[in-house]
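Open the model in your viewer and set it to cartoon. Keep the selection tool ready for a short walk along some strands.

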Amino acid sequence: MKKTLALSIVAVLLFACMFSLVACNNSKIVGVYEMTDISGSMTYNGTTTRLTRDLYEYYTIEFKKDGTAIVKAKGSGAGQYIENKGTWTEEDGVIKLKSSQGGLTVVEEMKWDNGVITYSNRQSANGVSVNMTIVLAKKA
């Protein structure tokens, strides 16, 4: 009984240390990032729109210590507002942001370098084609 209790305590401490190390490793990522640039285009039913910062009032991603994230974006003027929650991990400068919406789970990969995130996406479905790159910088 004492051996089982001792092994259980050691296992719990080991997991606690592992989670602490992971949290420390990712602490450089934690914070709010604001879009500084967007480029590319979106084509819908044959009409192409160039993507520029003017199309957005704001676009932010907040990475929290607990591994959760919130993406918020609002189009200019009376544009659509989006807020989506997810989880994130980072390894070797690549952030994987996992979110679910409408029953679909998506994992998006972004490059992180010294407080700047670059996210490139190219996809096409249901008459919509997107080819874009978003750059976000960490707020001070």
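Two strands count as paired here if DSSP finds at least two bridges between them. Keep in mind that the model is predicted.

**Stop 1: β4 and β5.** Select residues 68-75, which make up strand β4, and residues 81-91, strand β5. The two pair in the antiparallel sense, over seven bridges. For one rung of this ladder, pick Ala 73: its bridge partner in β5 is Ile 82.

**Stop 2: the first turn on the tour.** Go to the link between β4 and β5. Five residues separate the strands of this hairpin. Label Gly 77 in the turn; its phi is positive, about 65°.

**Stop 3: β5 and β6.** Add residues 94-101, strand β6. β5 and β6 run antiparallel and are joined by six bridges. Click Gly 86, then look across to Ser 99 in β6, which stands opposite.

**Stop 4: the next turn.** β5 and β6 also form a hairpin, with two residues between them. Asp 92 sits in this turn with a positive phi of about 55°.

**Stop 5: Thr 87.** Return to β5 and select Thr 87. Is Thr 87 buried, partly exposed or exposed? Thr 87 counts as partly exposed, because its relative accessibility is 39% and the partly exposed class lies between 20% and 50%.

Now show its contacts. Leaving out residues up to four places away in sequence, Thr 87 touches Gly 67, Thr 68, Ala 69, Lys 96, Leu 97 and Lys 98. Finish with a C-alpha distance to Thr 68: 4.2 Å in space, for residues 19 apart in sequence.

Methods:
Residues numbered from 1 in each chain as written. Predicted model: local features only at pLDDT ≥ 70, side-chain atom pairs only at ≥ 80, totals over all residues. Heavy atoms only, no water. Helix = DSSP H or I, 4+ residues; strand = E, 2+ residues; numbered from the N terminus. Buried < 20%, exposed > 50% of the residue type's maximum accessible area, 1.4 Å probe, protein only. Contact = heavy atoms within 4.5 Å.
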